[in-house]
Amino acid sequence: MSQEIHDHHHAHEPDCGCGCHGDQPNPFEELSPVLDRYADIPGSLITILQKAQELYGFLSVELMRYIALETHTAIAKVYGVATFYTQFRFKPVGKYLIMLCQGTACHVNGSKQVEEAVMDYLDITEGETTPDGLFTLNNVACLGCCSLSPVMMINDDTYGQLTRDKVTHILAELKEKAGQDPMDSEISAQEVNA
Amino acid sequence: MKVIIGSGSCGIAAGAHKVQTAFEAIIAEKGLALSVEQTGCIGTCYLEPIVDVVDDAGNKVTFVNVTTDDARRIIDDYVIAQQELADLRISQDDLTMIGKQQRIVLRNSGIIDPEQIDDYLAVDGYAAARKCLTEMTPEAIIETVKIAGLKGRGGAGFPTWFKWDAAKKSPGTTKYMVCNADEGDPGAFMDRSVLESDPHALIEGMLIGARAIGANEGIVYVRAEYPLAIVRLQKAIDQAREKGYLGNDIFGTGFAFDLRIKAGAGAFVCGEETALIASLEGERGMPRLKPPFPAQKGYWNKPTNINNVETFANVPWIFRNGGAAYAALGTKESKGTKVFALTGKVKKGGLVEIPMGLTLKDVIFDIGGGIKQDKAFKAVQMGGPSGGCIPASLLDTQIDYAEITKTGAIMGSGGMVVMDETTCMVDMARFFLDFTCKESCGKCTYCRVGTTRMLEILNRITQGEGRDGDIELLEELCYKIKDGSLCGLGQTAPNPVLTTIKYFRNEYEDHIYHHKCTARSCKPLLTYTIDKDKCVGCGACKKNCPVAAITGEKKLVHEINQDICIKCGKCFTVCKFDSVIID
């Protein structure tokens, strides 16, 4: 195994425990620039986890083990920090991540009905992903758009003043958009639900 | 002439980007000499997207709820044909809502372009920092803040000068200035708006504070749910650095201060100072015992001062206008202004900034325009999960830290969620307990297990399975959790339950003893029936019932089978003859 393939802060061994098997290219090569920048700065674990999630969509056990190894941190600590914060996910998410606001203003203005509409339309509950790998539903604490309540975010877009009909319409539109562009939905159902 | 589009998160959610694209396309198509610019949030979020058209003489006309079709009308009819276009203009009533406010923190919000430092400089930006660094001693800076009477706007209301003074006097050469922008209180968005609309005000406030305590490094801890705020603040930091307002030798004084952003990862408890510091250090955000206070041992055990966004945003104004001018506003104990996020069942929701001392009624009815659909006001929730519900009988309460605390709620960071007769107060208590239970870090047993037990009881009550003695049990748990918790989260978590029991005990009793939810909000306690006199037998309910609980022949009275009914409410929604009764 050549050093260049995935030597970061240490050379990988057949039993190094990072999931590389010692003879394969580093599966987390894209994370190298992040580790180069942050691994030696104390207190950067959350930042590294955030960047890792941005790159890979979620934090797999292998990924967390790799980060632990590279930052010389106990895997238990990496896992402990990751599970403390709601931002971190441990399962793959769909192409569209629906973040349904459960803030006070949204609650008072009917976020329950909005949640029901999403669940009815997609036939999933909180935390689940649709079998086609398109949508994941997550409830989140306040998104800070209270005057437009009830609100949801889908990826980076915010939708306000939602009603049952509006929600169904938005989801149908996204579904149609994804259907037109099959190359876009790379994640297969098996991968998502694995 | 220019077109300015309100592009805070609220504006964008309402379609500001689409409107901007439409304007740009029309202007290009017609070859007009009009620039399209953006600004932050003016606070009247219910009117978004908001578009200002400013002529070369600086006269501004505001158009509200603008759609992409309206963009064409504004260009064709207003800009080119010079017609009034009265139907799109902001109404006198809405202008009054803004006019009744006193804007210090929001002085530039919705007026300047947050992404252009020159806009901030044009309104005297960084003049206060220049004065503080070049003309004032750290002692004099702290004294001015003391005269102003500024208190921490994050919730606890601790005097800002005292914290600065403690951090300044703390021995050591390495000190940190931290801004808490982890606005986790559901129903509050003041800090997001300041970050998105006027980020330089925060930077300038932090720079002044850093000079006072002798910190050369600053960190803004922003919650990850605010992506736009992070982008705008980062741009502002870069611009300030370029102009020399951050970095080494600021204003030629030899003083160095630099600022960076740390994105939070979603944990309400990180609003607590010691938990925030743990999170900054890359740990689980769990609070620790105080003392030592952060002013003695904070970030990496160095003296650290933490203030919230709104507190810092007040600071430049205080130095431009004097501490006495700030102290002239407000009440004896609570000086200056406070920004509130007015939301819920209020007609005109948005951000309002008012001098302390106005009453709740002034804010909700005079500025907020009263209750949506003119329903009956029931309560206003202040202080989020740490606060409580204030009933109609106390609407004349003055907005003042001590006065609000007397009601059992707290001033908090500024969430003001208005509730009407359709909001169930037991459900509200359950909602907040659900939140604190999830957000408890788990360190203290009473907070971890106690909130879970309380949530279970409240769940039971709202599901119609309340028992005799539940109210007393809740109260007992409340006091024990308050006593047995280390940090503010646990100590205040019972407040939503205590205040609702205090002011709305009858609703708890109705749920427990009469299996009734008078607000008609707790579904398991409702029964849906069809009014025999009103039903015309149209069949709409039968067709829409998802569980086929409704029977009846065409043109004859229909009936709901209570054993099958899942109380989804669809029949009520679809009935055009008001014949479905909820009881």
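A polar contact here is a pair of N or O atoms within 3.5 Å; within protein, one of the two must be able to donate a hydrogen and the other to accept it, and residues adjacent in sequence count only if both atoms are side-chain atoms. Keep that in mind for the first view.

This is a predicted model, where local features need pLDDT of at least 70 and side-chain atom pairs count only at pLDDT 80 or more, while totals for chains, interfaces and linings use all residues. Residues are numbered from 1 along each chain as its sequence is written, chains are lettered from A and ligands numbered from 1 in the order in which they are written, and side-chain values use heavy atoms, with hydrogens and water left out.

**View 1. B:Lys567, a buried lysine without a salt bridge.**
Look for B:Lys567 in the loop between β16 and α23 (570-574) of chain B. (Helices, H or I with at least four residues, and strands, E with at least two, are DSSP runs numbered from the N terminus.) This lysine is buried and has no salt bridge. Buried means under 20% relative accessible area, exposed means over 50%, and partly exposed is in between (1.4 Å probe, protein chains only). A salt bridge is a side-chain nitrogen of Lys or Arg within 4 Å of a carboxyl oxygen of Asp or Glu. The nearest side chain of opposite charge belongs to B:Asp563, 9.5 Å away; Lys and Arg count as positive and Asp and Glu as negative, with His and the chain ends not counted. What does sit by the lysine's side chain are two backbone oxygens: a polar atom of the B:Lys567 side chain lies 3.2 Å from the one of B:Pro524 and 3.0 Å from the one of B:Leu526.

**View 2. Two surface patches on chain B, one positive and one nonpolar.**
Patches are made of residues with over 30% relative accessible area and no salt bridge; like charges are joined within 9 Å, and nonpolar side chains (Val, Leu, Ile, Met, Phe, Trp, Tyr) within 5 Å. The place of a charge is taken as NZ of Lys, CZ of Arg, CG of Asp or CD of Glu. The positive patch gathers B:Lys542, B:Lys543, B:Lys554 and B:Lys555. One of these, B:Lys554, is in the loop between β15 (550-551) and β16 (559-560), and its relative accessibility of 61% makes it exposed. The nonpolar patch is made of B:Val547, B:Ile564 and B:Ile566, with about 230 Å² of accessible area together. Those areas come from the Shrake-Rupley method with a 1.4 Å probe, and for residues only the protein chains shown count as cover. B:Ile566 is in the loop between β16 and α23.

**View 3. B:Arg73 and B:Asp87 meet in a salt bridge.**
The N to O distance for this pair is 3.1 Å. B:Arg73 is in helix α3 (residues 68-80) and B:Asp87 in the loop between α3 and α4 (92-99), so the bridge ties together parts that are 14 residues apart in sequence. B:Arg73 is partly exposed at 30%, while B:Asp87 is exposed at 55%.

**View 4. B:Glu139 pairs with B:Lys168.**
Here the salt bridge spans 3.0 Å, N to O. It links distant parts of the chain, with B:Glu139 in helix α7 (residues 138-148) and B:Lys168 in helix α8 (residues 160-169), 29 residues apart. Both partners are partly exposed: B:Glu139 has a relative accessibility of 47% and B:Lys168 one of 23%.

**View 5. B:Arg223 and B:Glu225 form another salt bridge.**
Their closest N and O atoms are 3.4 Å apart. B:Arg223 is buried, with 4% relative accessibility. Elsewhere, salt bridges that share partners join A:Glu116, A:Asp120, A:Arg164 and B:Lys523 into one network. Over all chains, the salt bridge count comes to 43.

**View 6. Helix α9 of chain B is largely enclosed.**
This helix covers residues 190-197, and eight of its eight residues are buried, so the rest of the structure largely encloses it. Among them are B:Met190, B:Arg192 and B:Glu196.

**View 7. A:Pro150 in chain A.**
Chain A has nine helices and four strands, and 50% of its 194 residues are buried. A:Pro150 is in the loop between β2 (135-140) and β3 (152-154), and at 5% relative accessible area it is buried. From A:Pro150 to A:Val34, 116 residues away along the chain, the C-alpha atoms are separated by 37 Å.
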